[in-house]
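The following note sets out points on the architecture of the model shown below. It begins with the packing of two helices and then turns to the sheets and the aromatic pairs.

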Amino acid sequence: MSIITKNFVKHIGLQYNLGKKSDDIPIFEVLWELFQIGNKYRRKNKALVKKSLFTNYRALIASMLNSSSLKEYPGSTFDDVIRLHDVSNSVFKRIKTIKFSSRETIPIGHVRVRNPNPPSVNPFGRNPFTRENTVGLGSRPQNFVIFSDHHMTEKGHRHNYFEKNKELYKELLRYYADHDFGLIENGDVEEYTIFEPTIKIANGYNELIEKDPDNIREEVFGEDIGSVNWTKLKEQRTKNRKKILPKIIRDNVELYNLIHNLFAKKGPNYYSKVTGNHDPYLTPELVRLLPPSYQDNLCDAVKIFHNPIGESTDSYLKYFVTHGHQFDSSTLPQHAYAMGEVFSETLGWTIQGADRIWDGIKTETWRNPNKEANFRNVLATAKADDSPESIFSGFAPGADSVAEFIIEDLMQGHEIAWEYFDNTNKAQAFSSEVMTGDEYFKVRHLSETKLVQQLHYWYAHSDIRDWPSKPKLIIGHTHEPRLHPRIKTNEVTTAPHYLNTGSAGRFENLIWGLEITQGTEKIVSWTMDGTKMVRNHWKANNVGQLVKEDYPL
């Protein structure tokens, strides 16, 4: 990438978080080459990334089936030729199983399940999901609430946005505990992938880069896109994260204690902590830094089984809860170390972190109890807009094509959520909002469309097709809530088996979540209206929107 691109990116960063500290620009300059290496990795490995995504789709279905292999029935009957796939499940190693009971009737013909997916193997050597001297281990809640994407940092971090939502979060947790809900925190609770950079850390990364002095780009563009020892880079990351995580826990210890006392202390059915891509917990050293009750309830996914009252030995998988980064081409675990994590470490800190944020002014319409409001409820394609309109039409001749090329490369061809901007004209939105620091891009790089397509395919072509009730997949990661979303804007077809919890930390004074009450799902939002805590319920309409409704406490 050229010097022009670097200066363009630097200019955008200066409108947001670059330049907050005196050594920011030197740090940016040092980290730029590592960003280029990550970008080169992405371009060279597109086919491999695509293959890994399909591996993860299969791993999802195999995990639902509690199997290490997957039978595929290509035709419409069980008499067809069966393809057997061995599934290398490296993304759902730690799966936690919990149950709830209700008077909902068990689907006719459903298989009997005994001790589904017992937690027999823990890659980190602890006994998962159990604690000594814990009361009520046999009890289990009948209702659950799921939150994700808090992106909680230590004090002083330039992306400490969750701090403005933390007191509200504490209060709503007390509400759910009082009403005997179980709590699932579905990934990216802590933010230790995007660090508060120092010149020492930047230089440490830069020392791992092997230069290529004969590279022609050095002569033509003044750049040297070398290579990096990824194993050593991962080791350096772990060292950095081992310093960051204790600070996050220390500065938010009241919240950790609150969750322990209100939920985890009741037993493993009441609290689950799912890993994400910004809090991946990939090594035992990081896991051991968590309080014991958090370690014991740490997992990559939660399987929630429904046990109808009166049929205590029969249960079926109703929900599969996981963060969702496993299905994102930038953050899937097999390649995130060279792509998403590199972007986070080299450029993410200069803008708004894991994603754009919505400040109090931007969230006012969704929060205001006296205003009608809706939220987009259409699956993301993760593809760039195919509209013939140029983002930069109206700029000086030649400037539009250069700038658009740079943005295309930075956004990696992904979908930009233009509907969040005040200006409907893309060029105006870019110039008067993005380039002034008013509002950053919302980039959709997880293809919800492809995920749902794969989900529906395997529900029809694996052993799950014999299940009268198909599991519902619940993820976070995208920061946008979903409930029965439209598959495409111009179609009426919806995706009944896919839900998204939104975000607890990217919308100021607005916390999105998902309630499961007696087996019924509801998208909810929480806000403080003066001194009053307000909860709203968002229902899906037939035009691809979630519509706000009152939901009294």
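1. In this predicted model, helices α2 and α5 are roughly parallel to each other, because the angle between them is about 25° and angles under 35 degrees count as roughly parallel. Helix α2 covers residues 24–44 and helix α5 residues 199–206, and their axes lie 9 Å apart. The crossing of α2 past α5 is left-handed.

2. The contact between these two helices can be described residue by residue. On the α2 side it involves P26, I27, V30, L31, E33 and L34, which meet I199, A202, N203, Y205 and N206 of α5. By class, the residues of this contact comprise eight nonpolar, two polar and one charged.

3. One open sheet is built from six strands, with mixed pairing and the order β3-β10-β11-β15-β17-β16. Its edge strands are β3 (95–102) and β16 (481–483), each of which pairs on one side only. From one strand to the next, the twist averages 25°.

4. Within the six-stranded sheet, β11 (residues 316–322) and β15 (residues 472–475) run parallel and are joined by three bridges. F320 has L473 in β15 as its bridge partner. Helix α3 (residues 46–65) packs on this sheet and touches β3, β10 (301–308), β11 and β15. The direction of α3 makes about 140° with that of β11.

5. A further helix, α15 (residues 448–461), lies across β15, β16 and β17 (498–501). Its direction relative to β17 is about 140°.

6. Another open sheet contains nine strands in the order β9-β8-β5-β4-β18-β19-β20-β21-β12, and its pairing is also mixed. At the edges stand β9 (298–299) and β12 (374–376); each has a single partner strand, so one side of each is left without a neighbour in the sheet. Helix α12 (residues 360–367) packs on this sheet, where it touches β12, β19, β20 and β21. The direction of α12 makes about 70° with that of β21.

7. How are β19 and β20 connected, and how many residues lie between them? They form a hairpin with two residues between the strands, and G530 in the turn has a positive phi of about 70°. Strand β19 (residues 520–529) and strand β20 (residues 532–540) run antiparallel, joined by seven bridges. Across this pairing, W526 stands opposite R535 in β20, and M528 has M533 in β20 as its bridge partner.

8. Strand β20 also pairs with β21 (residues 545–550), again in an antiparallel arrangement, through five bridges. A540 has L546 in β21 as its bridge partner. The hairpin of β20 and β21 has four residues between the strands, and G544 takes a positive phi near 80° there.

9. A search of the whole structure for aromatic pairs finds 40. One of them is formed by Y256 and Y294, whose ring centres are 5.2 Å apart and whose planes lie at 55°, so the pair is tilted. This pair links distant parts of the chain, with Y256 in helix α8 (residues 253–262) and Y294 in helix α10 (residues 292–295), 38 residues apart.

How values were computed. Residues numbered from 1 in each chain as written. Predicted model: local features only at pLDDT ≥ 70, side-chain atom pairs only at ≥ 80, totals over all residues. Heavy atoms only, no water. Axes fitted to C-alpha atoms, helices over the stretch in contact; angles between N-to-C directions. Left-handed = near helix turned anticlockwise from the far one by under 90°. Contact = heavy atoms within 4.5 Å. Nonpolar A, V, L, I, M, F, W, Y, C, P; charged D, E, K, R; others polar. Pairing = 2+ DSSP bridges. Phe/Tyr/Trp six-rings, centres within 6.5 Å; stacked < 30°, edge-to-face > 60°.
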